[in-house]
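Q: I would like to learn how to read the hollows, the sheet, the backbone angles and the cysteines of a protein model. Could we take them in turn?

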Amino acid sequence: MAVKNIKILILDVDGTLTDGKVYMGITGEVMKAFDIKDGYGIANVLPVLGITPVIITGRKSDILVNRCKELKIVHIYQDVSDKVSKLREVMELFSVTGNQVAYMGDDLNDLESMKLCGLTACPADAVEKVKSIVDFVSDKNGGAGAVRDFIDYLELISRPQMEEAFAFLEANRGKELNDGRIEINGDRIYANVDSYETRSYDNTRFESHEKYIDIQYMISGTETIEVTERNRVVVSEIYDTNKDVTFYAGNCVGRYRTIKDGEFLIFRPEDVHRPCIATDSVRQNVKKMVIKVKIK
């Protein structure tokens, strides 16, 4: 995945750009609330990334049309009952493939469309079935900065050092890699390859980093990783500047992601994650490469 290949960002409205509430009066819908930071990201950050925003929504609203005019969103498709067909039309219009499309939605009617796209995301309060399959789950709710959070994520992984890391990953897919550290670009980018046995939940712990982004790529095997926010855990070992890691104690109900052969997950410094969990409580031998990309 490379953000430089993403050409369009498909956005749902109710529950994604808004909080999902519909304020109705005698004459119909009377109000929608939009987040100002979402708007700034759409109007000012996406153009720099070369990404065009496209609205596909199942409802119809004049309020949305006014908001899109403010943000200079030209491509607005309302009252869409078949989002998959509309997405295919949009892809044809822009002459792009699914791998060049990012999609953010929150409910079941977004699921099939997401399966066609190269990069997917949802707000924190999306339905569980959506959260379980997307690439990026914001820690912000719909209408409360979730879209901006995803746009900032797109900006982050579009930086040159991330492109270099992805290039290394693509060049080494399927190759036999020995355990240990692989130098890519000094301390700015390097990889650790490790073979180990996944563990029971109680024998794993949460961690986070400050200076580096993790690209965790599963070479072989299957592993589950739990992801949560820092305000939901307690520090057990203070930050180690040499190892760039903080450890946390306790259990919490976070988001569980399972990765298998050829798949990867990206963890930003704010993403507290608990790796090495045995999937379905079945321990197995795995081999994983973690590419470390310095951002601070």
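A: Let us begin inside the protein: the lining of the largest cavity consists of 7 nonpolar and 5 charged residues, with no polar ones. Please keep in mind throughout that this is a predicted model.

Q: How many cavities does a search of the whole structure find, and what is the volume of the largest cavity?

A: The search finds 2 cavities of 30 Å³ or more, and the largest cavity has a volume of about 160 Å³. Its lining is made up of Asp135, Phe136, Val137, Tyr153, Val227, Arg255, Arg257, Leu265, Ile266, Phe267, Arg268 and Asp271. Two or more of these lining residues come from each of β8 (136–137), β16 (255–259) and β17 (264–267), and β17 gives the most, with 3 residues.

Q: Which residues line the second largest cavity, and how do they divide by class?

A: The second largest cavity holds about 40 Å³ of space, and the residues around it are Val137, Ser138, Asp139, Thr228, Glu229, Arg255, Arg268, Glu270 and Asp271. By class, this lining has 1 nonpolar, 2 polar and 6 charged residues. Val137 and Arg255 are among the residues that appear in the linings of both cavities.

Q: Let us turn to the pockets: how much space lies in the largest pocket, and which residues lie nearest its centre?

A: A pocket, unlike a cavity, is open. The largest pocket here contains about 700 Å³ of space, and of the 27 residues that line it, Asn192, Glu207, His209, Val290 and Lys292 lie nearest its centre. At least two lining residues are supplied by each of β10 (189–197), β12 (212–220), β14 (234–240), β15 (245–249), β18 and β19, with the largest share, 4 residues, coming from β10. The lining as a whole has 9 nonpolar, 6 polar and 12 charged residues.

Q: What is the volume of the second largest pocket, and which strands each supply at least two residues of its lining?

A: The second largest pocket has a volume of about 330 Å³, and among the 14 residues lining it, those closest to its centre are Asp135, Gly262, Glu263, Phe264 and Leu265. The strands β16 and β17 each supply at least two residues of this lining, which divides into 7 nonpolar, 3 polar and 4 charged residues. Asp135 and Leu265 also belong to the lining of the largest cavity.

Q: In what order do the strands of the open sheet run, and which are the edge strands?

A: When reading a sheet, it helps to follow the pairing from strand to strand. Here an open sheet of 5 strands has the order β9-β10-β19-β12-β17, with antiparallel pairing, and its edge strands are β9 (180–185) and β17, each of which pairs on one side only. On average, and with direction ignored, neighbouring strands of this sheet are turned by 20° against each other. At the β17 edge, β12 and β17 pair in the antiparallel sense over 4 bridges, and Asp214 has Phe267 of β17 as its bridge partner. Phe267 is also one of the residues lining the largest cavity.

Q: Where in the chain do Ser95 and Asp280 lie, and are they buried or exposed?

A: The general idea concerns the sign of phi: most residues other than glycine have a negative value. Ser95, however, has a positive phi near 55°; Ser95 sits in the loop between α3 (83–94) and β6 (101–104), and is exposed, with a relative accessible area of 65%. Asp280 likewise has a positive phi, of about 55°, although it is not a glycine. Asp280 is placed in the loop between β18 (272–277) and β19 (285–294), and counts as exposed at 70% relative accessibility.

Q: Why is the count of disulfides 0, if we look at Cys68 and Cys122?

A: A disulfide is a covalent bond between the sulfur atoms of two cysteines. The rule applied here asks for a pair of cysteine sulfur atoms within 2.5 Å, and by this rule the count is 0 disulfides. For Cys68, the closest cysteine sulfur is that of Cys117, 18 Å away, which is too far for a bond. For Cys122, the closest cysteine sulfur is also in Cys117, at 14 Å, again too far for a bond. As for their surroundings, Cys68 counts as buried at 2% relative accessibility, and Cys122 counts as buried at 0%.

Technical notes:
Residues numbered from 1 in each chain as written. Predicted model: local features only at pLDDT ≥ 70, side-chain atom pairs only at ≥ 80, totals over all residues. Heavy atoms only, no water. Buried < 20%, exposed > 50% of the residue type's maximum accessible area, 1.4 Å probe, protein only. 1 Å grid on protein atoms, 1.4 Å probe; cavity = no way out; pocket = protein on both sides within 12 Å on 5 of 7 lines; lining within 4 Å. Points joined across faces, edges and corners; volume = space filled by probe spheres on them. Nonpolar A, V, L, I, M, F, W, Y, C, P; charged D, E, K, R; others polar. Pairing = 2+ DSSP bridges. Axes fitted to C-alpha atoms, helices over the stretch in contact; angles between N-to-C directions.
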